[in-house]
Amino acid sequence: MVFMLDAVLFAAMSTYLVTEYAPYAAGQGIAEIKTIMSGFMMRKFLGLRTLCIKCVGIVLSVASGLSLGKEGAMVHIACCCSNVFARAFKRVKRNEVERRELLSAASAAGISVAFGSPIAGVLFSLEQVSYYFPAKTMWRSLFCAAVAAVTLKFFNPFRNGKLVPFQVTYDRTWDLFELWFFVLIGVISGLAGTLQNRLTLYLMEYRQRSMLKNFARGEVVVVALVTAAISYLSVYLRADTVTLVSNLFTECHSQDTDGLCSRGDRSGNIVSLVLTSIIRVALTSVASGLAVPAGMFLPSMAAGASIGRAFGMVVQTLYEAHPTWRLFSACKPDVPCITPGVYALVGAASMLAATTRMTVTVVVIMFELTGALIYVLPIMIAVTVSKSVAEALDKDGYFEGIIHLNGYPYLSMDQEYVLQGTSDEIMIRASEMTVIITSGETLERVVDILSTSSYSGFPVVKSASTMALAG
């Protein structure tokens, strides 16, 4: 009863703050930041009120036990900080190009803090958020992400000297025959990620056209209550996603005999992990569109890690039952051959890639988490397979789906736009255009143009005869 009461109380507080004071604080915010970076303006989305409500609301929504994470919201919070600080400098405030370069650096800092991965932060800004990313913005973003990581290290929020709570290391390397299993995990995660995206976007669309949009607060409370009731029945769902992912990544040692490392109840753990991944996908899909600050990075990783860990335990059971099989010929006797924690790592990376359609960023996040470069190749292969499977089923990822669902004016560089007809049908004759000439222009004519025209921007040309653009 206390568990469920806490869940309802925290969720209710979070949705009240969002709906009453800052509606833009709801959700993850990355889709909107992508739209802003492409040139669109969204007033108040990066304002001080949104920043304050987002910071408080994300703590409450994660604490409520909803299948949400704080990592994605860190990007929105960092961009809000960037926009608020930029107001103090007139040169930046009036320059849209520099403001967007600052947002690129802020996005990198957000991921750097979320995962303790400054390099991955820069790649995230380049691969997912930024529409225009010149070379000078790259090193500025790296500097910003590095400062953010150093600051996090200085404050040591987890009291263990690590940048993230689930930072792990592994004692052994991987064998060549395991690549086939990693590929299979990539395929399964690609299917699961696509299912999660489709279900999430369907539920978001249903909210927009149904009566649920009028009962946003009540919906959050009901979902929190149901989530708490379901989660309490399972030790894997009851734990917060950070603890779950940390446990799934952890390697079993010879003296470990409890929990995930129990040999006697291995089949029960496998079934529980599979059910956990299925329920996690469903709960994440339902919670992603609620009127609370939310992130879907860590819940997606938790679902993928559950799949990967269960798969690794199946392979481990096969090896122990049939060590003489030709498939396991590379394994040495009396030495652990299969590490289920590595399979969990691969599964988490694959699931995250399938939902977000990021590749390089996901790989770098994972190897910065583990500190083991030897697992880069398996993760790369699984991520590539997972993204390929997901793109074969759905062209758009999670963020692009939200952009299309909400009708944001975003022109993707990955998409081809075909225009029907001839060019003269969409062009205006030079003689009919309202222009300002660089030399010989009078103040009277400029005032007349502003008073009679409804436009807010005008081409500046060198002369009316050549119509050569000057700015």
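Which residue forms a salt bridge with arginine 140? Keep that in mind while you get set up; the model in your viewer is a predicted one.

**Stop 1: arginine 140**

Select arginine 140 and show its side chain. The partner is glutamate 101, and the closest N and O atoms of this salt bridge are 3.3 Å apart. The pair links distant parts of the chain: arginine 140 sits in helix H8 (residues 135-155), glutamate 101 in helix H6 (residues 96-115), and their positions lie 39 residues apart in the numbering. Color both helices if you want to see what is being tied together. The two ends differ in exposure. Arginine 140 is partly exposed, with a relative accessible area of 40%, whereas glutamate 101 comes out at 10% and therefore counts as buried.

**Stop 2: glutamate 20 and arginine 217**

Next, select glutamate 20 together with arginine 217. They form a salt bridge too, with the closest N and O atoms 2.8 Å apart. Here the two residues are 197 residues apart: glutamate 20 belongs to helix H1 (residues 2-21) and arginine 217 to helix H10 (residues 216-231), so show both helices to see the distant parts of the chain that this pair links. Neither end is hidden away by the accessibility numbers: glutamate 20 is partly exposed at 42%, and arginine 217 is partly exposed at 34%.

**Stop 3: helix H17**

Now pick lysine 387 and glutamate 391. Their salt bridge has its closest N and O atoms 3.8 Å apart, which is within the 4 Å cut-off. Both residues lie in helix H17 (residues 376-393), 4 residues apart, or about one turn of the helix. Glutamate 391 is partly exposed, at 40% relative accessibility.

While you have salt bridges on your mind, select Glu96, Arg99 and Arg100: salt bridges that share partners join them into one network. For the whole structure, the count comes to 13 salt bridges.

**Stop 4: the disulfides**

How many disulfides does the structure hold? There are 2. Counting bonded cysteines along the chain, they follow the pattern 1-2, 3-4.

Start with cysteine 252 and cysteine 261, whose sulfurs are joined at 1.9 Å. Set a dihedral monitor about the S-S bond and you should read about -90 degrees, so this disulfide is left-handed. Now check the accessibility of each end. Cysteine 252, at 29%, counts as partly exposed, while cysteine 261, at 17%, counts as buried, because buried means under 20%.

Then move on to cysteine 331 and cysteine 337. They form a disulfide with their sulfur atoms 1.8 Å apart. This link is left-handed as well, with -50 degrees about the S-S bond. Cysteine 331 is buried, and so is cysteine 337.

**Stop 5: two cysteines without a partner in reach**

Select cysteine 52 and look for the closest cysteine sulfur. That is the one in cysteine 55, 6.8 Å away, so it is too far for a bond. Cysteine 52 counts as partly exposed at 42%.

Finish at cysteine 144. Why is there no bond from its sulfur to cysteine 79? The sulfur of cysteine 79 is the closest cysteine sulfur, but at 9.8 Å it is too far for a bond. Cysteine 144 is partly exposed, with 27% relative accessibility.

Notes. Residues numbered from 1 in each chain as written. Predicted model: local features only at pLDDT ≥ 70, side-chain atom pairs only at ≥ 80, totals over all residues. Heavy atoms only, no water. Disulfide = S-S within 2.5 Å. Buried < 20%, exposed > 50% of the residue type's maximum accessible area, 1.4 Å probe, protein only.
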